[in-house]
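Biologist: Please take a close look at one part of this model, the sheet, and describe how its strands are paired and what surrounds them. A connected account, continuing into the neighbouring elements, would be welcome.

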Amino acid sequence: MKTIYPCKCGKCRQFAMAPASIAYSESHFHDGESYQIEILQLPILKCGSCGEVILTNESDEQISDAIRSAAKLLSPIELRQKREQIGWSTLDLANATRSAEATIIRWENGGQLHRKIDDCLLRLIFDRADVRTQLLPTKLIPAISGSSLSLANSTNLTNATK
Ligand SMILES: [Zn+2]
């Protein structure tokens with residue numbers, strides 16, 4: 001549903017709330033550390049009557065992006081792409097990181113910032129096949145064709161090489 005602007009201001013009750021942008025500068029705490037965030041043009045809603053400013057989902061997303069980049073965390077897009085490159089599902093990644101699948105999905109859609117320790121673990125998983133085998137031994141290396149190797153096939157392969 002698209003909001004029609006100007007909409008009603010929660011403070012002065014005038015229909016004067018409209019999209020605008022502000023220079024945003026604030027320190028944010030994430031995962032035990034403080035990050036100074038500067039956004040030159042943060043999209044917000046501003047009341048033309050009383051000056052009330054409210055943050056929107058878009059504002060929150062941009063602030064999260066800025067924190068992520070200041071903390072040098074993988075972005076949601078990088079996370080999904082890297083997971084897909086190793087042929088893992090969100091459930092595989094959840095099992096390997098001992099997290100809930102819903103958590104992985106929130107990391108990938110930008111709904112939740114992951115911790116630095118998770119970022120280290122994720123990078124190890126994405127970069128190192130030996131780490132993947134260690135964390136998720138039941139997950140087999142995907143076949144070159146792109147289709148996942150079934151257990152039966154892998155058993156045959158193992159036997160064939162003996
Ligand atoms: Zn107002």
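Modeller: In this predicted model, a convenient point of entry is Lys46, whose bridge partner in strand S4 is Val53. That pair belongs to the antiparallel pairing of S3 with S4, which extends over two bridges. The two strands form a hairpin with five residues between them, and Gly51 in the turn has a positive phi of about 85°.

The loop between strand S3 (33–47) and strand S4 (53–54) also holds Ser49. Ser49 counts as partly exposed because it has 15 C-beta neighbours inside 10 Å, a number that lies between the limits of 12 or fewer for exposed and 20 or more for buried. Leaving aside residues up to four places away in sequence, Ser49 touches Cys9, Cys12, Gln14 and Ala16. With Cys12, the separation along the chain is 37 residues, while the two C-alpha atoms are 7.6 Å apart.

On its other pairing, S3 meets S2 in the antiparallel sense over 13 bridges. One of the positions involved is Ser21, which has Pro43 in S3 as its bridge partner. S2 and S3 likewise form a hairpin, here with two residues between them, and Asp31 in the turn has a positive phi of about 55°.

Strand S2 (residues 15–30) is in turn joined to S1 by two bridges, and these strands run antiparallel. Within that pairing, Cys7 stands opposite Met17 in S2. Taken as a whole, the four strands make an open sheet in the order S1-S2-S3-S4, with antiparallel pairing. Strand S1 (7–8) and S4 stand at the edges with a single partner strand each, so one side of each is left without a neighbour in the sheet.

Helix H1 (residues 57–70) packs on this sheet, where it touches S2 and S3, and its direction makes about 160° with that of S3. H1 comprises 14 residues and reaches 20 Å from its first C-alpha to its last, close to the 20 Å expected at 1.5 Å a residue. Lys72 follows H1 and has a positive phi, near 55°.

The account may now pass to helix H2 (residues 76–85), whose buried residues are Pro76, Leu79 and Arg83. Seen down the axis of H2, these residues fall within an arc of 60°, so they line one face of the helix. The general background is that an α-helix has 3.6 residues a turn, so residues three or four places apart point the same way. On the other side of H2, Ile77, Glu84 and Gln85 are exposed. The buried residues of H2 pack against H3, H4 and H5. Just after H2, Gly87 takes a positive phi of about 75°.

Leu79 also belongs to the largest nonpolar core, which has eight residues in all; its other members are Trp88, Leu93, Ala96, Ile104, Trp107, Leu122 and Ile125. The elements that give two or more residues to this core are helix H3 (90–96), helix H4 (101–108) and helix H5 (116–127). Such a grouping accords with a general tendency: in soluble globular proteins, nonpolar side chains tend to be buried together. Within the core, Trp88 touches Leu93, and its contacts also include Arg83 and Lys139, again not counting residues up to four places away in sequence. Arg83 thus appears twice, as a buried residue of H2 and as a contact of Trp88.

Terms used:
Residues are numbered from 1 along each chain as its sequence is written. This is a predicted model: local features need pLDDT of at least 70, side-chain atom pairs count only at pLDDT 80 or more; totals for chains, interfaces and linings use all residues. A nonpolar core is a set of buried Ala, Val, Leu, Ile, Met, Phe, Trp, Tyr and Cys residues joined through C-beta atoms within 7 Å. Two residues are in contact if their C-beta atoms, placed from the backbone, lie within 7 Å. The arc is that of the directions from the helix axis to the C-beta atoms. Two strands pair if DSSP finds at least two bridges between them. Axes are lines fitted to C-alpha atoms, for helices over the stretch in contact, and angles run from 0 to 180 degrees between N-to-C directions. The expected span of a helix is 1.5 Å times one less than its number of residues.
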